[in-house]
Amino acid sequence: MRQSIIHVALVVGDYDEAIAFYCGGTLHFTLVEDTCQPEQDKRWVVVAPPGSAGTTLLLARASTPEQAEFVGNQAGGRVFLFLATDDFWRDYHAMRRAGVRFVREPKEAAYGSVAVFEDLYGNRWDLVQLAKSTSASELPAG
């Protein structure tokens with residue numbers, strides 16, 4: 001049997017502001033799909049990091065007060081998502097120039113280089129470049 005996770009839903013406050021953050025001048029993700037679903041008053045918005053061929057983010061607008069409570073806090077204040085890069089310092093400096101807020105400054109660890117940043121809603125992410133001999137399973141649990 002072979003399975004994979006293809007999308008991770010990220011609850012957002014507004015489709016267009018989320019697209020601007022992820023795909024505009026901040027993170028430079030690729031807008032994979034943006035399809036209107038009028039019968040549900042929703043859009044199917046999928047984004048992915050540049051050059052990625054794996055899991056994508058489904059930007060899901062909060063549509064109830066209960067869902068809105070989780071915008072920016074999907075992991076209860078822990079790191080929620082891990083953005084791997086092939087050049088940590090290039091991406092770290094580019095993100096800083098773009099106004100991304102880092103809540104933990106860069107550090108070198110046995111598994112590689114890492115810093116924690118927040119997206120436009122406050123969800124925490126690791127920006128990480130794994131050491132050549134490290135696998136993703138060796139990362140600390142956010």
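Reader: Leaving aside neighbours within four places in sequence, which residues is L81 in contact with?

Author: Happy to start there, and please keep in mind that this is a predicted model. L81 sits in strand β5, residues 79–84. Its relative accessibility is 12%, under the 20% limit, so L81 counts as buried. Setting aside neighbours within four places in sequence, the residues in contact with L81 are V8, L57, R124, W125 and D126.

Reader: How far apart are the C-alpha atoms of V8 and L81?

Author: V8 is found in strand β1, and L81 in strand β5. Along the chain, V8 and L81 are 73 residues apart. In space, the separation of their C-alpha atoms is 9.5 Å.

Reader: Is V8 buried, partly exposed or exposed?

Author: Beyond four places in sequence, V8 touches T55, T56, L57, L58, F80 and L81. Its relative accessible area is 24%. Buried needs a value under 20% and exposed one over 50%, so V8 with its 24% is partly exposed.

Reader: What separation do the C-alpha atoms of L81 and V116 have?

Author: Strand β5 holds L81. Along the chain, L81 and V116 are 35 residues apart. The C-alpha atoms of L81 and V116 are separated by 9.9 Å.

Reader: Let's turn to the overall fold. What pattern does the protein chain follow along the sequence?

Author: The protein chain has three helices and eight strands. Read along the sequence, these elements give the pattern β-α-β-β-β-α-β-α-β-β-β.

Reader: How does the radius of gyration fit 142 residues?

Author: The C-alpha atoms fill a box of roughly 50 × 40 × 25 Å along the principal axes. For 142 residues the globule rule gives 14 Å, and the radius of gyration is close to that, so the chain is as compact as a globular protein of that length. The value itself is 16 Å.

Reader: What share of the 142 residues is buried?

Author: The accessible surface of the chain comes to about 8300 Å², and carbon and sulfur atoms account for 52% of that surface. A residue counts as buried when its relative accessible area is under 20%. By that cut-off, the buried share of the 142 residues is 35%.

Reader: Why do the buried residues of α1 lie on the same side of the helix?

Author: In α1, residues 15–23, the buried residues are Y15, A18, I19, F21, Y22 and C23. They cover only a limited arc around the axis, which puts them on the same side of α1; that arc is 165°.

Reader: Which strands do the buried residues of α1 pack against?

Author: Two of those buried residues are F21, at 10% relative accessibility, and Y22, at 0%. The strands that the buried residues of α1 pack against are β1, β2, β3, β4, β7 and β8.

Reader: Which residue caps the N-terminal end of α1?

Author: The cap is a contact between a side-chain oxygen and the backbone nitrogen of D16. These two atoms lie 3.0 Å apart. The residue that supplies the oxygen is D14.

Reader: What arc do the buried residues of α3 cover?

Author: Helix α3 spans residues 88–97, and its buried residues are F88, D91, Y92 and M95. An α-helix has 3.6 residues a turn, so residues three or four places apart point the same way. The buried residues of α3 pack against β6, β7 and β8. They lie on the same side of α3, over an arc of only 100°.

Reader: Is the aromatic pair of F21 and Y22 stacked or edge-to-face?

Author: A pair of aromatic rings is described by the distance of the centres and the angle of the planes. For F21 and Y22 the centres are 5.0 Å apart and the planes are at 85°. An angle over 60 degrees sets the class, so this pair is edge-to-face.

Reader: Which residues form the aromatic cluster?

Author: The count of aromatic pairs comes to ten. F21 and Y22, the pair just described, both belong to the cluster. Its full membership is F21, Y22, F29, F88, W89, Y92, F102, F117 and W125.

Reader: Where is H28, with its positive phi?

Author: Phi of H28 is near 65°, a positive value in a residue other than glycine. H28 is partly exposed, with a relative accessible area of 48%. Its place is the loop between α1 and β2.

Technical notes
Residues are numbered from 1 along each chain as its sequence is written. This is a predicted model: local features need pLDDT of at least 70, side-chain atom pairs count only at pLDDT 80 or more; totals for chains, interfaces and linings use all residues. Side-chain values use heavy atoms; hydrogens and water are left out. Buried means under 20% relative accessible area, exposed over 50%, partly exposed in between (1.4 Å probe, protein chains only). Helices (H or I, at least four residues) and strands (E, at least two) are DSSP runs, numbered from the N terminus. The arc is that of the directions from the helix axis to the C-beta atoms. Contact means heavy atoms within 4.5 Å. A polar contact is a pair of N or O atoms within 3.5 Å; within protein, one must be able to donate a hydrogen and the other to accept it, and residues adjacent in sequence count only if both atoms are side-chain atoms. The radius of gyration is taken over C-alpha atoms; the globule rule is 2.2 Å times the number of residues to the power 0.38. Accessible areas come from the Shrake-Rupley method with a 1.4 Å probe; for residues, only the protein chains shown count as cover. Rings of Phe, Tyr and Trp (its six-membered ring) pair if their centres lie within 6.5 Å; planes under 30 degrees apart count as stacked, over 60 as edge-to-face and the rest as tilted.
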